[in-house]
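Colleague: Before we talk about what this model shows, could you let me look at it, and then explain where the descriptive words come from?

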Amino acid sequence: MRIDFRGSPEPTLGVEWEFALVDRRTRDLRNDASHLFARARPRLRDPSRLHQEMLRNTVEVVTDVCRTVPEAMASLRETLAAVVPAADELGLDLFGAGTHPFASWTAQELTEGHRYAELINRTQWWGRQMLIWGVHVHVGMPNRDRVMPVLSALLNYYPHLQALSASSPIWAGVDTGYASNRALMFQQLPTAGLPFQFATWAEFESFASDQLTTGVIDDLSEIRWDLRPACHLGTLENRVCDGISTVEDLAGLTALMHCLVVDLDTRLAAGETLPSLPPWHVQENKWRAARYGLDAIVIVDAASDERLVTDDLADLLVRLEPVAERLGCSAELASVSDIPARGASYQRQRAVAERTGGDLVAVVDSVVLELRAGLG
């Protein structure tokens, strides 16, 4: 089959930020997305910036097509300036993390729609368990023949993004021992998890044809990889990150993703063969980052050399400085180093739990307040 990729002449940017809705008093999840939509959408200049998701406890804030990270963050702030007051009126707060620390999946309600109903019908218990939230970042690419090599090379930096954004250490009232429980939960769904590493676009087309023919998927959007081409948009979509609690952290991680894709694509277009890891190293790196977060020792090349992820990150940020300057996100990229310095979200959540004797309501409070403090 032929899959058209609507290439973007510029390395445009789009961000999708998922939030759980929590009750201001109990801090449990509330299935009130429809009520929030009714109050918030009339206040928005563009109501399409606020999306529904599979569960009624979730909303997603999205940007316009943007050219820079500052422009994308301004778009998100504008939308949240309408959504947060609407949530206040309903006694709701927005919660930006990969999982909720104590909510029960059995109390959550499905958003109406055939697509969601069919997903649950097929995936059953695992699908109903998916109380998870993340951030998706799209970067425009000009040429479909460069998408798969860039995707494969980008997997080298999977553990860096996972460790920096990890925010799901506690599940169903229990500390899982993982920095990102979300990463390992989501991959239980069919077609989710790590992508296959194809050398050419034709190999991807052949794969997609097999998936459609055998009924694994009914539509290309059902390929739910952590990194995937969004063919109708002409972007490479990065879905690695856990939910994020502050605009500042989101800006830094968005800048890192933007710079990585543009850097790799530029090098490929100049004739360089991009480095990639064998799939078994990619899989191990995902597990290590999910388990150990910023303390992960990751495999950095096909020769099986290893480094502490934060050491490798420090060198990466320096190497990407000229790219960030060209893209107008130097300050945002530099801010990525602040995350290990003050602790990633999973570390901050654990610190609150330890300080309060395991009070998980206090953990939710802390995540909610981080967002509010950043919005001013």
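Modeller: Let us start with A172, which lies in the loop between β6 (170–171) and β7 (174–175), where strands, like helices, are DSSP runs numbered from the N terminus (E and at least two residues for a strand, H or I and at least four residues for a helix). Please keep in mind that this is a predicted model, in which local features need pLDDT of at least 70 and side-chain atom pairs count only at pLDDT 80 or more, whereas totals for chains, interfaces and linings use all residues. Residues are numbered from 1 along each chain as its sequence is written, and side-chain values use heavy atoms, with hydrogens and water left out.

Colleague: What is the phi of A172, and what kind of residue is A172 not?

Modeller: A172 is not a glycine, and yet its phi is positive, at about 55°. S304, in the loop between β10 (297–299) and β11 (306–308), is likewise a residue other than glycine, with a positive phi near 70°.

Colleague: Why are helices α1 and α2 called oblique to each other?

Modeller: Helix α1 (residues 33–40) and helix α2 (residues 69–89) pack at an angle of about 120°, with their axes 9 Å apart; the axes are lines fitted to C-alpha atoms over the stretch in contact, and angles between N-to-C directions run from 0 to 180 degrees. Angles under 35 degrees count as roughly parallel, over 145 as roughly antiparallel, 65 to 115 as roughly perpendicular and the rest as oblique, so α1 and α2 are oblique to each other. Their contact (heavy atoms within 4.5 Å) joins L36, R39 and A40 of α1 to A82, V83, A86, A87 and E89 of α2.

Colleague: How many residues of each class are in the contact of α1 with α2?

Modeller: That contact has six nonpolar, no polar and two charged residues, where Ala, Val, Leu, Ile, Met, Phe, Trp, Tyr, Cys and Pro count as nonpolar, Asp, Glu, Lys and Arg as charged, and the others, Gly among them, as polar.

Colleague: What makes α14 oblique to α15?

Modeller: The axes of α14 (residues 345–355) and α15 (residues 360–375) come within 9 Å and cross at roughly 135°, and that angle makes α14 oblique to α15. On the α14 side R348, Q349, V352 and A353 take part, and they meet A362, V363, S366, V367 and E370 in α15. By class, the residues of this contact are five nonpolar, two polar and two charged.
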